[in-house]
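Biologist: I have the sequence and the model open side by side, and I would love a guided close look. Could you take me through the part where charged side chains pair up, and then show me how it sits in the rest of the fold?

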Amino acid sequence: MSVQLLGLPQDNNSSYLAGPAAAPAAIRDALHCDSSNLSTECGLDLGDTGLWRDAGDAPLAGLAGQAAYDGIAAALIPCLDAGPTLALGGDHSVSWPCIATTVERWPGLSVLHLDAHPDLYDDMQGNPFSHASPFARLLESGAVSRLVQVGIRTLNRHQAEQAERFGVDIIPMREIERAHTLSFDTPVYLSLDLDVLDPAFAPGVSHHEPGGLSTRDVIRLIQRVKGRVVGADLVELNPTRDLNGVTAMTAAKLAKELIARLHRDADPR
Ligand code: MN
Ligand code: MN
């Protein structure tokens with residue numbers, strides 16, 4: 001069983017800036033850049049054949065709204081048939097179809113969501129598909145029973161009410177120590193918005209929110225969270241905001257560690 005990598009070049013649900021549609025290509029370039037290699041910290045070398053496969057990008061050009069949602073789900077299904085899948089956004093709106101499709105194979109799926117923002121808006125600029133709303137859509141559909149959000153530092157009144165309504169477990173930045181003892185007794189989907197990182201570590205995102213996690217903090221969570229990780233996404237890289245490609249390299253590093261984690265948990269011992 002090899003881990004599948006699927007690009008989702010979509011940013012027309014971004015509320016502030018376009019750019020993340022170019023992220024899958026930028027992350028691939030960084031992954032294969034000669035300045036580093038494909039080793040992971042657990043010893044798995046992604047340069048070895050058969051461990052993972054790049055399934056390319058979903059054909060999303062010109063698609064928006066429900067058509068884009070359907071296009072993402074249609075591209076993800078054959079990937080899930082082949083193995084656990086890491087989806088590369090794209091803005092965070094891609095997580096709604098990704099998680100809704102994954103939960104069909106993993107009933108009882110929990111979601112671990114790393115982000116500066118809770119993305120629980122009932123509505124943003126009249127767009128139910130907004131990148132500020134995917135977790136509201138998933139929770140109101142009942143598809144996800146447990147959502148844990150880590151790194152939150154922008155909880156306004158509306159989203160606090162939404163979190164209360166849906167029973168979201170929020171671990172805000174000021175209580176971040178609790179994230180390192182998290183445990184799941186269900187399959188877990190890990191949704192990683194790069195703006196959970198402090199902008200000092202990841203300037204190439206649309207929404208700079210100071211006071212975030214370090215790259216090492218996020219790697220530690222990927223490597224050590226207790227539970228079986230069966231799917232993941234990495235979203236919100238905005239190459240037009242990047243400085244010397246450092247955020248793309250950071251995204252590639254996190255992608256490698258996510259692939260290693262998915263590979264390990266596909267055959268838990
Ligand atoms: Mn987000
Ligand atoms: Mn965010």
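Modeller: Happy to! This is a predicted model, and it holds 11 salt bridges. A good place to start is E41, whose side chain meets that of R216 in a salt bridge of 2.9 Å, N to O. The two come from distant parts of the chain, 175 residues apart: E41 sits in the loop between α1 (23-31) and β2, while R216 belongs to helix α6. Both are partly exposed, E41 with a relative accessible area of 39% and R216 with 45%.

E41 also meets the side chain of K253 in a salt bridge, again 2.9 Å from N to O. Here the loop between α1 and β2 is linked to helix α7 (residues 246-266), and the partners are 212 residues apart. K253 is partly exposed as well, at 27%.

Further along the chain, R264 and D265 form a salt bridge of 3.6 Å, N to O. R264 is partly exposed, at 44%, whereas D265 counts as buried because its relative accessible area of 6% is under the 20% limit. Elsewhere, R28, D54 and D57 are joined into one network by salt bridges that share partners.

Now to the surrounding fold. Eight strands form an open sheet in the order β2-β1-β3-β8-β7-β4-β5-β6, with parallel pairing. β2 (52-57) and β6 (169-172) are at the edges with a single partner strand each, so one side of each has no neighbour in the sheet. On average, neighbouring strands are turned by 20° against each other, direction ignored.

Within the sheet, β4 (residues 110-114) and β7 (residues 183-193) pair in the parallel sense over five bridges, and V111 stands opposite Y189 in β7. Helix α6 (residues 215-224), home of R216, packs on the sheet, where it touches β4, β5 (146-152), β7 and β8, at about 145° to the direction of β7. Helix α3 (residues 95-103) lies across β1, β3, β4, β7 and β8, running at about 155° to β7.

Finally, have a look at the metal site. The manganese ion (ligand 1) has H92 (ND1), D115 (OD), D119 (OD) and D193 (OD) as its protein donors, at 2.1 to 2.2 Å. Their spacing along the chain is H-x22-D-x3-D-x73-D. D115 bridges this ion and the manganese ion (ligand 2), with 3.3 Å between the two ions. H92, in the loop between β3 and α3, and D193, in strand β7, are 101 residues apart. H92 is buried, with a relative accessible area of 0%, and D193 is buried too, at 2%.

Definitions and conventions
Residues are numbered from 1 along each chain as its sequence is written. Chains are lettered from A and ligands numbered from 1 in the order in which they are written. This is a predicted model: local features need pLDDT of at least 70, side-chain atom pairs count only at pLDDT 80 or more; totals for chains, interfaces and linings use all residues. Side-chain values use heavy atoms; hydrogens and water are left out. Two strands pair if DSSP finds at least two bridges between them. Helices (H or I, at least four residues) and strands (E, at least two) are DSSP runs, numbered from the N terminus. Axes are lines fitted to C-alpha atoms, for helices over the stretch in contact, and angles run from 0 to 180 degrees between N-to-C directions. Contact means heavy atoms within 4.5 Å. Donors are N, O and S atoms within 2.8 Å of the metal (3.2 Å for Na, K and Ca); water is not among the atoms, so sites may look incomplete. Buried means under 20% relative accessible area, exposed over 50%, partly exposed in between (1.4 Å probe, protein chains only). A salt bridge is a side-chain nitrogen of Lys or Arg within 4 Å of a carboxyl oxygen of Asp or Glu.
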